[in-house]
Amino acid sequence: MTARQSPLSASRRIAGGLGLALVVIAAPASAQRAVVEPRVEIGGSALVMGPMSLGLASADYQTPRGDALPLFHADARMAASAGAEGRVTVSIAPNMALEAAGAWMRPHIVSRIDGDYEGAAAVTARLPLSRFTAEGAALVTIVRHGRTVWFLRGGAGWMREMAGWGTFAEDGAIGDLGLGVKYWWHTRARDAPGRLALRVDARLAGRAGGIVIGARTFRVAPLVAAGLDVAW
Amino acid sequence: MTGWRGIVVGIVAACLALAADPRAYLKLGADVDGTVIALKWADQPVRYFVTNRDAPNVTAVDLQRLATDAFATWAAVPHATVSSDFAGFVDAPPVSADGVSVIGFASLAGAPFTLASTSFTVDDGTGALREADIAVNTSFDWSTVPGGDAAHYDLGFALLHEIGHLYGLGHSGLGETELTAEGRRRVLAKDAVMFPIAFPPGAVSDRTLDPDDEAGLADLYPATGERRVLGSIAGRVTRDGAGIFGAHLTAFNPSTGSIVGSFTLSDDGTFVISGLEPGLYVVRAEPLDDEDLASFFDDASAVDIDFRPAFAPRLVAVPAGGSSARIDIKVTRK
C-alpha cells in the first residue's frame with residue numbers, strides 16, 4: 001500500500017465530491033429522474049390579462065338641499081389586453097429562485113357613459129394606454145416530475161401607465177400571486193445554451209393607482225403568461 | 001388718452017332678465033381695438049370700500065365681514081393668485097366711474113329679479129379693470145345666519161358670486177333649471193357658484209366654490225408656474241359638418257368628481273376647456289337652454305341651441321401644462 005497519490009486522482013476525488021453535493025442539494029421531489037435547476041435563466045412570455053373593473057363614477061350637480069342630481073354616469077373597466085414580458089431568474093436555493101421582470105402591455109380603458117339627465121345617447125368611450133411594469137418576484141418549486149417543474153410565484157413592483165401619446169402618465173403599484181409550470185428539454189447544438197423550457201404562468205394580478213376611473217382602490221385581474229426560458 | 005367703459009353683470013333670483021354679459025363665458029371680455037380680451041386686474045391687491053349703509057336685518061359691518069370672507073375664499077383657490085385689501089367704509093354708493101371700487105347695498109329698482117350686480121370700469125386702451133362696484137339689491141331680504149334662513153337669500157353666497165365677477169369671471173353654465181308656471185326659471189341643481197341663477201332662500205350649500213369656479217380663476221390669474229401644472233381640452237362641436245356657436249361643454253373627471261365647463265366661441269365650433277387638473281375626462285356638449293342666453297353672450301341670436309346633448313366618442317387624457325389631442329363631438333338636431 002502506498003501513500004502516494006497522483007495529481008490526477010486527487011482531481012477526480014474533488015470532482016466526485018462536488019457531484020455528490022449537487023445531487024444532495026437538488027434532490028428531486030419525486031422518485032423519477034432528477035432535473036437539476038440551472039443557476040440563471042433568461043426568458044420571455046406573451047401576456048394576456050383579463051378585464052378589470054375600474055369603478056363607477058357619477059357626474060353630479062348639487063340641489064339646493066345639498067343632495068346630488070346625477071347628470072350622467074361613467075362605468076369603466078380595463079378591457080382584456082395583451083403584451084410581452086422579459087425576465088431574469090436566478091436560483092438562490094434548491095427550491096427557490098428570485099426573478100426580475102419587466103413587461104409592456106397595451107390595455108384599453110372602456111367606459112360606458114349613460115343615464116344622461118337630458119337624454120344624450122349612451123356611448124362607449126375608449127382610450128388606449130401603454131403600461132410598463134418592473135417587478136421583483138420569488139419562485140418556490142413545489143413539485144418536480146421528470147422534466148416538469150411546478151412552482152408558486154409571488155411578486156410586487158412598480159407600474160407606469162401612459163395615455164394621450166405619452167403626454168399623461170400615472171404611476172402605481174402592482175402585486176401578483178400565481179402558479180406556474182416549466183417543461184425542460186435539452187438542446188443538442190454545441191455552444192448553445194444548455195437547456196430550454198416552455199413556461200406557463202397563471203397569476204392573479206393586482207394594481208393600485210395608475211390611470212383609474214372612480215376610486216383609487218386595489219383592483220385585481222387574472223393574467224396568463226406563456227413563453228420560453230433559456231438556462232445558462 | 002384712454003376712455004373708460006361700464007359693464008354690468010348680476011345674479012338673478014329664480015328668473016332671468018337684464019345683465020348684458022359681453023362676449024363672456026367663463027371670463028368676461030372687453031373689446032379693445034376690435035380684439036376681445038379677458039377682463040382682469042392688472043394690479044393687486046384689489047382695493048375696495050364698503051358703503052356705510054345698512055339694510056333690513058343686515059348692517060354695513062355684517063356686509064363688510066361677509067365680503068372679507070368671500071374675498072378670502074377666492075384667495076384660497078389652488079393654482080391661482082388673487083388678493084384684496086379692505087380700505088374702509090365710505091358714504092359713496094356702489095356706482096361706476098367714481099374712481100373707487102365699492103361694495104354696498106343699493107336699490108336696483110330697474111332689475112326687480114336681480115339679487116346683486118357688479119359693474120366695471122374698463123380701460124379702453126388696455127382692457128384692464130380700473131374699478132368694480134358690487135350693488136346688493138335692497139329689494140330683497142338678506143340672511144347672514146350661518147345655518148341659513150328659509151325666508152331670506154344668503155348674503156354670503158351673493159357676495160361670493162359677485163366677487164367672482166369682480167375678478168373678471170363670467171357666468172357658468174353648470175346647472176339645470178325648469179320653467180315655472182310664471183315663466184321664470186327655478187334652479188334644480190348646479191355645480192358652480194358662478195351659475196347665473198341663485199338657489200332659493202334658505203339654501204346655504206353654495207357658500208363654497210366648485211371646481212368650475214376654481215378653474216376659471218386659475219385660468220385668469222395663474223399662480224407662478226401653474227401654467228405647467230394644469231392642462232386643457234381642445235376640440236370642436238359640429239352638426240352635419242358645420243360648427244356650432246355657443247354650445248356648452250362640460251369636462252367631467254371621474255377620479256375626482258369635478259366638472260368644469262366652457263363654450264364654443266367661434267362659428268367653426270371650436271372650444272377650449274382650460275384650468276383642468278391632469279387626468280382622464282368625459283366630455284359632453286349640450287345646448288345652452290337652461291339659462292337666459294343674454295347672461296352669457298352679447299348676441300344671443302347667434303347662439304345655436306337646436307341640437308341634442310352628446311358625449312365625445314372617447315375618453316380624453318389631459319396632460320400637465322398642455323392640451324389634449326383635439327376631439328370632435330358630432331351632434332344632431334333636436
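## Strand β9 of chain B and its surroundings

Strand β7 (residues 101-106) of chain B pairs with β9(B) in the parallel sense over 4 bridges; two strands are said to pair if DSSP finds at least two bridges between them. Helices (H or I, at least four residues) and strands (E, at least two) are DSSP runs, numbered from the N terminus. Please keep in mind that this is a predicted model: local features need pLDDT of at least 70, side-chain atom pairs count only at pLDDT 80 or more, and totals for chains, interfaces and linings use all residues. Residues are numbered from 1 along each chain as its sequence is written, while chains are lettered from A and ligands numbered from 1 in the order in which they are written.

Let us stay with β9(B) for a moment. The table lists its pairings.

| Strand of chain B | Sense with β9(B) | Bridges |
|---|---|---|
| β4 (residues 40-41) | parallel | 2 |
| β7 (residues 101-106) | parallel | 4 |
| β8 (residues 114-123) | antiparallel | 7 |

Some residue pairs help to find these strands on screen. B:Lys40 stands opposite B:Ala128, B:Ala106 faces B:Asn137, and B:Val122 has B:Leu129 as its bridge partner. The hairpin of β8(B) and β9(B) has 4 residues between the strands, and there B:Gly127 takes a positive phi near 80 degrees. Strand β9 (residues 128-137) is mostly covered, with 8 of its 10 residues buried. Here a residue is buried if 20 or more other C-beta atoms lie within 10 Å of its own, exposed if 12 or fewer, and partly exposed in between, with C-beta atoms placed from the backbone.

Strand β7(B) also meets a helix. The buried residues of α1(B) pack against β5 (46-51), β6 (84-90), β7, α2 and α3 (211-220) of chain B. Those buried residues are B:Leu63, B:Gln64, B:Leu66, B:Ala67, B:Ala70, B:Phe71 and B:Trp74. An α-helix has 3.6 residues a turn, so residues three or four places apart point the same way. The 16 residues of helix α1 (residues 60-75) of chain B should span 22 Å at 1.5 Å a residue (1.5 Å times one less than the number of residues), and its end C-alpha atoms are indeed 22 Å apart.

Now for the whole of chain B. This chain has 3 helices and 22 strands, and 54% of its 334 residues are buried. Its radius of gyration, taken over C-alpha atoms, is 19 Å, which agrees with the value near 20 Å for a compact globule of 334 residues (2.2 Å times the number of residues to the power 0.38). Chain A has 1 helix and 12 strands, and buried residues make up 32% of its 232 residues.

How do the two chains meet? 36 residues of chain B are in contact with 33 residues of chain A, where contact requires C-beta atoms, placed from the backbone, within 7 Å. On the chain B side, the elements that give two or more residues are β12 (175-179), β13 (185-190), β19 (279-286), β20 (310-311) and β21 (316-318). That side has 23 nonpolar, 6 polar and 7 charged residues; Ala, Val, Leu, Ile, Met, Phe, Trp, Tyr, Cys and Pro count as nonpolar, Asp, Glu, Lys and Arg as charged, and the others, Gly among them, as polar.

The largest nonpolar core (buried Ala, Val, Leu, Ile, Met, Phe, Trp, Tyr and Cys residues joined through C-beta atoms within 7 Å) has 127 residues. Among those with the most contacts inside it are A:Ile109, B:Tyr281 and B:Val283.

Notes. Two residues are in contact if their C-beta atoms, placed from the backbone, lie within 7 Å.
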